Structures are given as structure tokens and as C-alpha cells.
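Let's take a walk through this structure together, going from single residues out to whole chains. Keep the 3D view open as you read.

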Number of protein chains: 4
Amino acid sequence: MRPNRNPHRYNQGQALSPWREALNQIIFGSETAAGRTFDLLLIVAILLSIGVVMLDSVAEIQQRYADALFRAEWAFTALFTLEYLLRLVCVRRPWLYIRSFFGIIDLLSILPAYLGLLLPGAGYMLTLRVLRLLRIFRILKLSEYLDEANVLAVALANSLRKITVFLYAVLTLVVVFGALMYVVEGPQAGFTSIPKAVYWAIVTITTVGYGDIAPKTALGQLIASAIMIMGYGIIAVPTGIYSAELINSRNNRGLDNRACRNCGAAGHDFDAAHCKYCGERIGD
Amino acid sequence: MRPNRNPHRYNQGQALSPWREALNQIIFGSETAAGRTFDLLLIVAILLSIGVVMLDSVAEIQQRYADALFRAEWAFTALFTLEYLLRLVCVRRPWLYIRSFFGIIDLLSILPAYLGLLLPGAGYMLTLRVLRLLRIFRILKLSEYLDEANVLAVALANSLRKITVFLYAVLTLVVVFGALMYVVEGPQAGFTSIPKAVYWAIVTITTVGYGDIAPKTALGQLIASAIMIMGYGIIAVPTGIYSAELINSRNNRGLDNRACRNCGAAGHDFDAAHCKYCGERIGD
Amino acid sequence: MRPNRNPHRYNQGQALSPWREALNQIIFGSETAAGRTFDLLLIVAILLSIGVVMLDSVAEIQQRYADALFRAEWAFTALFTLEYLLRLVCVRRPWLYIRSFFGIIDLLSILPAYLGLLLPGAGYMLTLRVLRLLRIFRILKLSEYLDEANVLAVALANSLRKITVFLYAVLTLVVVFGALMYVVEGPQAGFTSIPKAVYWAIVTITTVGYGDIAPKTALGQLIASAIMIMGYGIIAVPTGIYSAELINSRNNRGLDNRACRNCGAAGHDFDAAHCKYCGERIGD
Amino acid sequence: MRPNRNPHRYNQGQALSPWREALNQIIFGSETAAGRTFDLLLIVAILLSIGVVMLDSVAEIQQRYADALFRAEWAFTALFTLEYLLRLVCVRRPWLYIRSFFGIIDLLSILPAYLGLLLPGAGYMLTLRVLRLLRIFRILKLSEYLDEANVLAVALANSLRKITVFLYAVLTLVVVFGALMYVVEGPQAGFTSIPKAVYWAIVTITTVGYGDIAPKTALGQLIASAIMIMGYGIIAVPTGIYSAELINSRNNRGLDNRACRNCGAAGHDFDAAHCKYCGERIGD
């Protein structure tokens, strides 16, 4: 049995009664067969309920299958409500769980349906239910994908400062060039205000290029060309930052900081028992 | 004569009669001059037949050269049928070949033409013939490009888990932002349903940006800007993952192949003078 | 107290009177609590004033809140004028400051408002005020983001030559393909002149793709496909250049800082036991 | 005087008479002050003549300044003709020069103007003059940018096989998905033929996204989403290939293959005079 490697704070503390402990293992854990089955069923239920929310927003389908969708939605709501209550019952510190990130997400997954009963006009609030999708991250978190996600997240965290500097530079570029295009092109080409021109500059520098706003004058197209080539070039910056960070994190994992007592050499592999230069035994 | 490095399972087994062995060398092998000539001719025939399928779909050309295209198509079908039969004749385990990936592709290359005779309305099924293009991969597989494709594929396989995590995160982003835009923009800007809004979010986050659906309100454009900058930034993630993996696979190839005379362990660094496991001196 | 790591030349020289020295610490420095508070307030004021400039350009908002925006703008102008005068008072070499990059930006942040009084028709000149955004870089420069920005900038400077070669190649491609498309597509598809066709080629090769100009003929679409695949592929070039540079700069930082006792040479590898220049044993 | 590092074959051979040798140094060389001045003037003349070609294609400017443009064009043609003749006079092997890549480009720079006299209808042929832009590469070739361009080109050449495999995979994807979309969407959404659908698939997978053709049906948009996410992801492949190649070429430059005679260790720096492990002197 693999130990729970990322136990949430709300699941630490004194022992529970046996049946609640077993329920806890099933609902919060992923070490037992029952726990993994529960996780799998929950993922399926979440994805199906997201499908229902999506189909419900398509006018033709909604009109034709209104009843079936309504019933399916309430079935999922009942299911998730039951699950939420069971979580409250078997968690070690219920109050911490309710206020945790996933506790709030779990509540947001069921609350809109009930509020829709009380406030009939709150139809749009029902789209909050797509946040159910975030719940799957909890399950991924406890599974074998944890390490991979961690490597990605740590590399992202390490390069956060560089990326902040980069993003601020991009935002400055976008505002300055947007204001310039507002002056050069003016309202007749769609650049009706500086915020709109900045929106156009973001669409352009990120190489999205909708084409709903596009420069018409020769000077405007010249400036736009400069922004495009810039955007094309500076994509290299975040990519380079992140690649360097990932490669670095991999290299660091692969290097030991033990030094040989005999010759003082370092740079041994983690699995080395003897110094690779002089053959002396090296300890931990 | 270079040995066949990637022999398919359906081509292993007991010896064939001499003429079938020779045919096998020509059709399945690429070691002999005849085999390479056959491969080259087959590539040319495949590309030409794809050209015929494509031209056949262009209305003006189809009307003008209907006869020539029809005859060319049947010539290629006859050719590929003959080739398929020859493959069946000279392969060591015909049944395994028929059920193999390339066996099915080979059949799909000729079947639509014959079915088109029986079922006259099945015109669209004829486009299945473009799958002939996949047949070229078999030929590439046996050639000198094998190593290069292998390096790319191994790096892809190694980074598959990281890319799965990344893709799931992107899909969640796209659904949550799509639902948000559906609420903010509504049907008048083209966001007629959540699936459509999610489609728009994918078009935007991948920086494709058709412009058939585009936000009209100020709030919508602000959210869209956030998605674009995200999409621009997170392209760094798969690129970084794959770059790190490729660089790593290259470094691993650079590992020393010396084995220790005492304990037999390999995987030493190039600069190691002593076995890192047992301390025995290792030579060149 | 951390020393000012990047002192501008205009802030070096003889000592000032105590109160001007204190003011200098607040306005130009970021070592004291007062200095950091000043920086923070200045960033907030700059961002708010940029917000006012932006809102002022939106026609509906301008008509409705003309008075409030006018007053807010003059309040910010007065504030930045006061700040500019205080900078002049407490800087060590005022004349050098005025002619420095940030001195000019500071002046451009307040001048347009005053010139707008004298020249009523110069409305567009007011957009120069967005250059205030550049002022934040000075504050970032003195802060903890300096190192990160430096790494990015040094890597950019080191790869500048490679990127120049790359950019010239891209510009040649774009002109040659633009001229080709001008001949192939002609004015009816929007390729009315070579500069316009070159603009289209830039829009295409950078994968922006507005769609305001798009090839109509089969030959034009074939050439366009070639440009797109090129643009898709050659994005790898600046990314590769910059990634390699960043990884290299990181590796160099990882060099050992031990110096040889005999010859004084540095730059040894971590695993070096002897000086690579004179053979003397080097310790830790 | 720096030796001519990349002498063309057409400039090798027996000595010339003194004045032709001097002319050769100026026109083909870049080692003397006169040679560099000539290169600089030639670059300026080429860029100006490209400017004239471009302006000549803009209808309004052409009508207004027809005379000036005509005269400027003939002045540049005369200049480049003179230069071509001088190159023929002072090159060591004129015939090899004429048939070399740059010899043909030089001829194509002047020929269209003369042919335009004989064949009045050949107006479009005049756009061939933009090929003059390629002439600048010769000058860059001989200059200090040579090394940088070489590093980029060698890395590109080394990764050519991997990129061929990648490109073939992309082309297969694009044809298969294009044919699929032709069946799913049909002519009413703009997918009028398979070649057109393949063009759309290229526009989409490269994230250009003009939007002139876009899927209308739900199934089409689903398939399009898959292509977009693929295109977004596989951009990582060429980038990773090229980054790994560039980093590798840098590492290889930095590693020596000398082994120590005493302890046998390798991996020394190029500037090492002594083994870093045992201190033994190492030769070349």
C-alpha cells in the first residue's frame, strides 16, 4: 500500500471510528481498490454532468430533450450532494475542508442547481456548474500523475519572476503600440478607442489575428508588421525560459552533492557507492 | 547487406520456396536493389493515385477529365490489388499480415473502389482512398529514417504523461473560459451555446483565430485578451517538455558503455576511473 | 541596508545637503521603507493615470464623464510635475538626469498636457501620455527583478547576431514571396501592390492570419501553404537560439569559483582536483 | 589582413594583372577598406532599387511619379550592369562565376529591365527584380556574420532528417484531415474540393487561421478543434529538434577529446594544459 503522499491538512488529525475511516479511505484516498473505483466513477459522473450542462445550452437540443436533460441534471445534483455530505461526515476536520479550495469547488458544483429553484431568473448562474471540471484535478493530484504535474509546476514557479518581467514588457509594448495605432488608424478602421486598439495589439502580438479589426493605411500596416514580427520573435522568450528551467530541474535531480573523503571530488551519481575517480567508498 | 532491422512479426517463421523468398525480398525488404526500386515505384504510384483522388474532387476538373480520371483510378486500383495479392502470396504468415495495421491500410486502399461499384451512392466513401498515404510510412519505417523517427517517437512517448497533464489543464481552461464567454457575450456575438463557446476558446487559445466568432463587448474582449496571453504563454509548456526530453535522450546516448570487470555494472560517466558501485578500477 | 546595485550616473558625485540626501533616498532609492512606499505609490499613480488616458479615448465614457476625467488628468499632471521638480531638486547632476532616457520619459509624461493648453488641436498628442508606462521600468530596475531581467537581456544580447541573420532571412523570404503572390494573385484578391503583398506575407509567415487578404487561386493557395509551413517551422529558429543561450548562461553561472593557489587561474570544473593550467592541487 | 575565409571556386586560380587584382579585392573581397566601402554602397543601392520596384507597383504612386521611377529604375539597372561587367572583367574564372548561384542572381537583377524593352507585355516579369535582395546574402557571407549563419545552418542541416520525418507526418495529417473535413462539411461551408480542404487544414494546423473557410457543423468544429490542438502541440517538435541541435553543437564546441596519459581521464577543456584529476601534463 503506497502512502498517501499529498495528504490535505483537513484530513490529518485524530483517528475516526472504523466505518468513517473506511469511508474516508474510499472517498479521499486512492490507495485501495475501492478508493480507485470511487475515483473512476466520480470522474465519469463529472464528465457526464459537464456533457449535460453543455447540451443544455444548445437551443435545439434543449427544446427537444428538455425533460431528459432536466432529470439528468437533478440526478447528478443529487449524486454530488450525497457525495458532499459523505465527505463532510468522514473527513477529519470538516470546517477546514469546507473552506479549502476543493471544498468550495465541491459546493459550487451543487449550489447553482438549488439556487436556480429559488431565483428563477438566474439561468446564467447555472454555467457555474462547469467548475465541476476542476474537481478532477483533486483526483489527478492523488494519483500517479502527481510527479509529472509537480515537475511542470515547480519549473513554472521557478520561472515565475522571469515570466512576470516578460509579461510586463509585453503589456507595455501592447499599450504603447495600441495607442500609436489609435492615432495612426483612427475610428474608421475599427480602432475606436485606446482600449480597443490595445485589444487589437494583443490579438496581433499573440499571433491570434481574428481580422475583425485590421489596419487599412500603409503606415498602420507597417507598424502592424513590426508588432507581428516582434510577437513572432518574442514567443521565444517564455519558451526559452521554461525549457531552460525544465532542463535544469532534470539535471539537478540527477546530481549528488556528496564529496569523496579521499580525493574530495564531487559530481557523483545518486546511486554511486564508490568515488568514480579514486575508488574510495563514499557514504551518505 | 544490411540486416532487416525492424522485421514485422508476420514476416518471421519458416523458410519459403525460393521464388516466394525472392518476391518477399522485393516486396517486403529494402536490402536489395530490386527491393529499393520496388519501394520507390510504390511511393510514386501512391502519390500519383492520391493526386488522382484529389483532382477527382475538384468539380471543374472532374467534369472535364471524368473519363481519364476514371481510367487512372481503376488502373491504380488494379495495381494495388495485384500488389496486395502478391503480398499475401509471399508473406510468411498471411493471416497475421491481414490483421496487422498496414495490412488493414492496404485493404482500405483498394476496397472503396470495389464497394463503389456495388453501392453507387457511396461517393464519399471514396475519400477513404487518401489513407493510401499512410502506406508510405511502412516504407519509411524500413529505411534509414527509422532511427530519426525513433528518437522523435521515444521522446514523445517519454513526455506523454506530462503532455497528458498539460492537455487536461488546457481542456479545463477552455471549457471554463468558454462557459464564461457564453454568459458574458451571449448569442448575439455568435456564442450561441457552450460547445460553440468552447470551440471559440480552442480557436483562440491555440492562436488560430479564425474570426468567425469574436467578442463584441468590452468585458468579453478583456477575457479574450487573458485567454490569448495564456495561450501565447503556455505554448512554452509542451515545447519545453519536448525539448528537455530530446536533449535528455541525446545525453543518455552519450553515456559510456564500459562495464566493470568486477561487478559488471555499466552506465558509468565518461570521466569515471573507478566503478561507482564497487570501486574497482575500470579501463577503456 | 542593501547597496544600490545599479546607480545611475546622474546620481553619483558629491554629497548633498542632509534634507536633499533624504529626499534622494526616497525618490531615487528603494533601500529604505519610505523609498519603497514612494515607489509603490508612484506605480499606482502611473497605472491610474494610464487608466484615465484610456477611458478618455472611449467616446461614450468621454461624453458622460468629461468633467471628472478632465479633473483627474490635471490632478495626475500636477502630481507628476511636482515629482519631476522634486527629482530635479534632489538629484546630484540635474542636467545629466534631464538628458537621460528616464528623464526624457518623465518629461514626456507631463509635457503633452501643457502643450494641449497652447495648441487646442493637438488632441492626438495626448496619447503620448501612455509613455508613462515606461516609467515603471525604472522602478523595476532598482528592485529584486533586476537579476531576472538581466539574465533575459544578456541572453538576448548574446543571441542578437544570430537573430539578425534570422530576421534578414525572414525579410528576404517575405519580400520574394510577396512579389511572387503579387504576380500570381493580382489586385482582384487584394494583392494590389508589392508592399501590400509583402504585408500579407508577414501576416501569414508569423501565423497571425487576419484573413483581410487571402489567396483565391489554386496556385496562390499552394504558394501560401508553402509560406505557412515555413513560418510554422522557422519559429523553431529564434526559439532554439534563445533557449540555447539561456541554458548556456545558466551553465556558466554554475562554474566553480575556486582559484588555483599556484597560478591564480579560475574557471575550473566542479570535479577538478588539479588546476588545469599548472597542475597544482586545488582544494575546496 | 584577414584571409578570405570562404573563397568561391570561381575566384581561385592563377594571378591576375595588378589592376584587375586590385579591382577583384574591391568587388569580391571585404578585407580592404575600399572593399568594405564597396559592399556598403552596394547594399544601399540594392535596398534603394528594391524600394523603387515596390513603389512602382503601387498604382497611385506609379501614376504620379511614373517619370522619376522610370529614370531611377534605369539608373539602378545601368549601375548593376556596370557592376556585372566589372565582375566579369576581374574574376579569375568568368565562366564559373556566370554559372554560379550568385552569378545567376546578378544576371536576373538586370535582365528583366532589358527584356521589358523587347517584350512590352512582360510587365510582371519585372518583379523578378526583387531577387536582387538575395545578392545581399553574398555580402553577409563574407562578413563577420558568417560564423553565426554557419552555426544556424549546420544545426539546420543536422536536424534535416528529423524535420523531414516531421514534415511528412504533418503532410499526411493534413491530407487525411482535409479529406475528412471535405466529407463532413461539404461545399456549402467552403470545402469545395479535397485540395481546398487540405489548404484549410494547413491554414489551421499552422495556427494561421484566415477564417475565409471555417467549419459550420458541430462535427466539423469538433474535428477542427482536434486539428488545432494537434497543431498547437506539434509545434513543439521542430522547436525541440532544433533547440537540442543548437545546444548540442554548442556543447561539442566546448569539449576536448584528449585523454590523460597518466590516469586516462577525458573531458578536459580545450585550454587545459594539465589533467584536472591527477595533475599530469597533457599534450595536444
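In this predicted model, a good place to begin is I27(B), which sits in helix α1 (residues 18–27) of chain B. With a relative accessibility of 4%, I27(B) falls under the 20% cut-off and therefore counts as buried. Leaving aside residues up to four places away in sequence, I27(B) touches F38(B), D39(B), L86(B), R87(B) and C90(B). T37(B) is ten residues from I27(B) in sequence, and their C-alpha atoms are 9.7 Å apart in space.

Two of the residues touched by I27(B), R87(B) and C90(B), bring us to helix α4 of chain B, where both are buried. This helix covers residues 66–90, and its 25 residues reach 36 Å from the first C-alpha to the last, close to the 36 Å expected at 1.5 Å a residue. If you run your eye along α4(B), you will find other buried residues, including L69(B), E73(B), F76(B), F80(B), E83(B) and Y84(B). An α-helix has 3.6 residues a turn, so residues three or four places apart point the same way.

What does R87(B) pair with? R87(B) forms a salt bridge with D106(B), and the closest N and O atoms are 3.9 Å apart. This pair links distant parts of the chain, with D106(B) in helix α6 (residues 101–118) and R87(B) in helix α4 of chain B, 19 residues apart. Both partners are buried: D106(B) has a relative accessible area of 3%, and R87(B) has one of 2%. Side chains of opposite charge can pair when their charged atoms come close.

Now turn to helix α4 of chain D. Here E83(D) forms a salt bridge with R87(D), the closest N and O atoms being 2.7 Å apart. Because E83(D) and R87(D) are four residues apart in helix α4 (residues 66–90) of chain D, about one helical turn separates them. E83(D) counts as buried at 6% relative accessibility, and R87(D) is buried too, with a relative accessible area of 2%. In chain A, salt bridges that share partners join E83(A), R87(A), D106(A) and R135(A) into one network.

Staying with chain A, look for R129(A), which forms a salt bridge with E73(A), the closest N and O atoms lying 3.1 Å apart. This pair also links distant parts of the chain: R129(A) is in the loop between α6 and α7, E73(A) is in helix α4 (residues 66–90), and 56 residues separate them. Are these two partners buried or exposed? R129(A) is buried, with a relative accessible area of 5%, and E73(A) counts as buried at 8%. Over all chains, the count comes to 32 salt bridges.

The loop between α6 (101–118) and α7 (135–142) of chain A also holds L119(A). L119(A) has a relative accessibility of 44%, so it counts as partly exposed. Together with Y114(A), L117(A) and L118(A), L119(A) makes a nonpolar surface patch of about 420 Å².

For nonpolar residues in the interior, turn to the largest nonpolar core, which has 264 residues. Which residues have the most contacts inside this core? They are W200(A), W200(B), W200(C) and W200(D). Apart from residues up to four places away in sequence, W200(A) touches M181(A), F191(A), I213(A), A214(A), P215(A), A224(A), I227(A) and, from chain C, Y210(C). In soluble globular proteins, nonpolar side chains tend to be buried together.

Contacts between chains appear again at S243(B), which lies in helix α12 (residues 236–253) of chain B. S243(B) is buried, with a relative accessible area of 1%. With residues up to four places away in sequence left out, S243(B) touches S243(A), T239(D), G240(D) and S243(D).

Finally, step back to view chain A as a whole. Chain A has twelve helices and zero strands. Of its 284 residues, 50% count as buried. Among contacts in chain A with a separation of 6 or more, 55% come from residues 24 or more positions apart. Chain A exposes about 13200 Å², and carbon and sulfur atoms supply 67% of that area.

Notes: Residues numbered from 1 in each chain as written. Chains lettered and ligands numbered in written order. Predicted model: local features only at pLDDT ≥ 70, side-chain atom pairs only at ≥ 80, totals over all residues. Heavy atoms only, no water. Patch = residues over 30% accessible without salt bridge, like charges linked within 9 Å, V, L, I, M, F, W, Y side chains within 5 Å. Areas by Shrake-Rupley, 256 points an atom, 1.4 Å probe, with all protein chains shown as cover. Salt bridge = Lys/Arg side-chain N within 4 Å of Asp/Glu carboxyl O. Buried < 20%, exposed > 50% of the residue type's maximum accessible area, 1.4 Å probe, protein only. Contact = heavy atoms within 4.5 Å. Expected span 1.5 Å × (residues − 1). Core = buried A, V, L, I, M, F, W, Y, C linked by side-chain atoms within 4.5 Å.
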